[in-house]
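Colleague: Got a minute to go through this one with me? Put it on screen and we'll start with the domains.

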Amino acid sequence: MPAEKKVGAQTVAFAKPPVVSATAAIAGAKEGQGPLADTFDKVIDDPYCGEDSWERAERRLLQEALEMALKKAGLKPRDVDYLLAGDLLNQIISANFAARALAIPFIGLYGACSTIYEGLAVGAMLIDGGFAEKVLVGSSSHYATAEKQFRFPTEQGVQRTPTAQWTVTGAGALILTATGTGPRVTHATIGRVVDLGAGDPYNMGAAMAPAAADTMVHHFTDTRRRVADYDLLLTGDLGFYGKTLLEELMRSYGHDIAERHNDCGILIFDRENQDVHAGGSGCGCPATVTCGLIMRRLRERKLNRVLGVGTGALLSPLTTGQGETIPTVGHAVVLES
Amino acid sequence: MRQNAKRAFDPGKPLEMQKQAYKKMVKKVSPKPPVIRNSIWAFAVGGFICAVGQAFLTLFQGLGLSTLDAGTATAIVLVFIAAFLTGLGLYDEIARFAGAGTIVPITGFANAMVAPALEGRTEGIVMGVGARLFSVAGPILVLGITAAWLVGILYYFLGPRTP
């Protein structure tokens with residue numbers, strides 16, 4: 001017997017759609033000079049955030065975003081049933097250490113840059129399943145910690161390729177509740193891990209576009225919906241070339257998404273003036289754009305139904321060194337105003 | 001779905017064929033690095049660094065050092081300047097444009113040692129700075145010395161005999 005709330009192969013439809021009752025988005029200096037500056041709750045200009053290491057700085061960003069979301073919802077940590085969080089660093093240290101400070105029952109997530117969407121999906125399942133009343137979800141990334149772990153030391157002189165993306169410094173957090181007012185999460189489509197053979201870690205958009213396409217296509221099939229049913233199809237961090245590739249892939253599946261598709265990695269920076277090559281990336285990219293701009297537009301009812309697809313490249317420097325291609329995943333949720 | 005036949009990518013095909021088709025799509029969409037612009041930058045900045053080196057060499061020779069000693073002193077000065085600029089966070093800003101022009105000269109080697117050491121600082125002096133110092137430069141040293149050793153052996157057996 002199929003599960004009660006499962007629709008099709010990969011999608012769940014929530015019986016009582018959980019509500020996003022509060023959000024917080026904190027960004028770094030470069031993001032604060034970008035076109036979305038006024039959608040962030042706070043911009044921290046100091047890349048160290050007053051700490052003495054990049055890792056502590058990222059942890060602070062995440063913790064501040066989580067605390068801000070709690071404060072906006074008028075909640076104390078003990079009022080929350082679960083904290084779902086994750087980031088890009090080994091052993092998701094930013095999330096683990098922020099969770100240590102907050103002392104909320106914690107479920108660590110790793111979906112690379114898709115983590116905030118993975119958290120939205122799992123959090124909404126916990127609530128609609130009757131296992132929680134209130135769930136706190138958060139995710140973060142920091143340019144320097146990501147460069148250090150995945151690429152080169154930040155001060156090393158390297159020339160970036162045109163397809164390289166710029167890791168966003170920032171954190172997003174949101175409170176999901178069973179009741180209340182705010183945008184609602186009506187569906188979630190959990191992605192499969194997809195790998196179409198892209199292996200260039202400086203072209204993440206190309207690696208992740210097939211995962212976004214796979215999840216979107218399954219979402220449309222499972223829900224029997226079409227592109228036109230959504231005001232916006234938002235992907236996490238495909239960047240400029242990944243966006244083009246996704247649109248082309250979707251055409252080959254029979255969906256023309258170009259007119260309604262946008263990408264957080266494109267929205268967050270001004271490509272002409274900010275020297276970010278193919279756009280933004282990192283957990284903080286979809287997290288800050290979704291918790292900032294997108295939630296605001298949904299609250300203002302300028303957007304009514306959004307399909308958000310967080311995209312994650314599930315590689316490590318070790319696998320790249322061993323010549324493996326990049327497995328990727330896309331997790332989708334439907335947000336309604 | 002008939003239109004799919006004309007498209008480059010066909011999701012109905014086996015995975016291996018999808019991978020081939022996708023590889024072509026990615027190649028078509030992704031721009032190539034601007035090789036000519038990068039080369040001009042590399043030539044100009046790399047040449048400038050070498051000219052600065054020559055200026056120091058001439059200066060040190062003028063101050064009375066032998067050619068060998070002046071060369072050593074020049075290398076010390078260039079390495080210091082590169083390490084200093086790395087510490088100030090400027091070397092990578094120049095390298096973004098200059099590319100190979102800042103990597104190939106001895107200054108690039110200094111940068112490749114100082115940059116990881118700076119990041120290792122938070123993990124302490126021994127396992128942080130000490131161990132990380134060679135994390136980028138290590139392979140260059142190992143392979144560079146191995147190559148020099150091989151060439152030396154070949155030269156010993158095959159090179160011209162000194163009388």
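Modeller: Sure. This is a predicted model. The C-alpha centres of domain 1 of chain A and domain 2 of chain A are 17 Å apart.

Colleague: Where do domain 1 and domain 2 of chain A run?

Modeller: Domain 1 of chain A covers 6-177, and domain 2 covers 184-336.

Colleague: And how many residues does each domain of chain A put into the contact?

Modeller: Domain 1 of chain A gives 57 residues and domain 2 of chain A gives 60 residues.

Colleague: Which elements give two or more residues on the domain 1 side?

Modeller: Strands and helices both appear there. The strands are β2 (11-13), β3 (19-28), β7 (134-141), β8 (166-167) and β9 (170-177) of chain A. The helices are α1 (29-32), α4 (115-128) and α5 (143-150) of chain A.

Colleague: Which one has the largest share of that side?

Modeller: α4(A), with 8 residues.

Colleague: How does the domain 1 side divide into nonpolar, polar and charged?

Modeller: On the side of domain 1 of chain A that touches domain 2, 33 residues are nonpolar, 19 polar and 5 charged.

Colleague: New topic: helix packing. At what angle do α2 and α3 of chain A pack?

Modeller: About 55°, with the axes 9 Å apart. That is helix α2 (residues 54-72) against helix α3 (residues 93-102), both of chain A. The two are therefore oblique to each other.

Colleague: Left-handed or right-handed crossing for α2(A) and α3(A)?

Modeller: The crossing of α2(A) and α3(A) is right-handed.

Colleague: Which residues make that contact?

Modeller: From α2(A), A:Glu55, A:Glu58, A:Arg59, A:Leu62, A:Gln63 and A:Leu66. From α3(A), A:Ile93, A:Ser94, A:Ala95, A:Phe97, A:Ala98, A:Ala101 and A:Leu102. By class, this contact of α2(A) with α3(A) has 8 nonpolar, 2 polar and 3 charged residues.

Colleague: On to chain B. How many helices and strands has it got?

Modeller: Chain B has 8 helices and 0 strands.

Colleague: What's the radius of gyration of chain B, against a compact globule?

Modeller: Chain B has 24 Å, while a compact globule of 163 residues would be near 15 Å. The C-alpha atoms of chain B fill a box of roughly 80 × 50 × 35 Å along the principal axes.

Colleague: How many residues do chain B and chain A bring to their contact?

Modeller: Chain B brings 36 residues and chain A brings 27. On the chain B side, the elements giving two or more residues are α1 (15-29), α4 (91-98), α5 (100-103) and α6 (106-120) of chain B.

Colleague: And the classes on that side of chain B? What's the split?

Modeller: The side of chain B that touches chain A has 18 nonpolar, 11 polar and 7 charged residues.

Key. Residues are numbered from 1 along each chain as its sequence is written. Chains are lettered from A and ligands numbered from 1 in the order in which they are written. This is a predicted model: local features need pLDDT of at least 70, side-chain atom pairs count only at pLDDT 80 or more; totals for chains, interfaces and linings use all residues. Domain bounds come from an automatic or database domain assignment. Two residues are in contact if their C-beta atoms, placed from the backbone, lie within 7 Å. Helices (H or I, at least four residues) and strands (E, at least two) are DSSP runs, numbered from the N terminus. Ala, Val, Leu, Ile, Met, Phe, Trp, Tyr, Cys and Pro count as nonpolar, Asp, Glu, Lys and Arg as charged, and the others, Gly among them, as polar. Axes are lines fitted to C-alpha atoms, for helices over the stretch in contact, and angles run from 0 to 180 degrees between N-to-C directions. Angles under 35 degrees count as roughly parallel, over 145 as roughly antiparallel, 65 to 115 as roughly perpendicular and the rest as oblique. A crossing is left-handed if the near helix is turned anticlockwise from the far one by less than a right angle, and right-handed if clockwise. The radius of gyration is taken over C-alpha atoms; the globule rule is 2.2 Å times the number of residues to the power 0.38.
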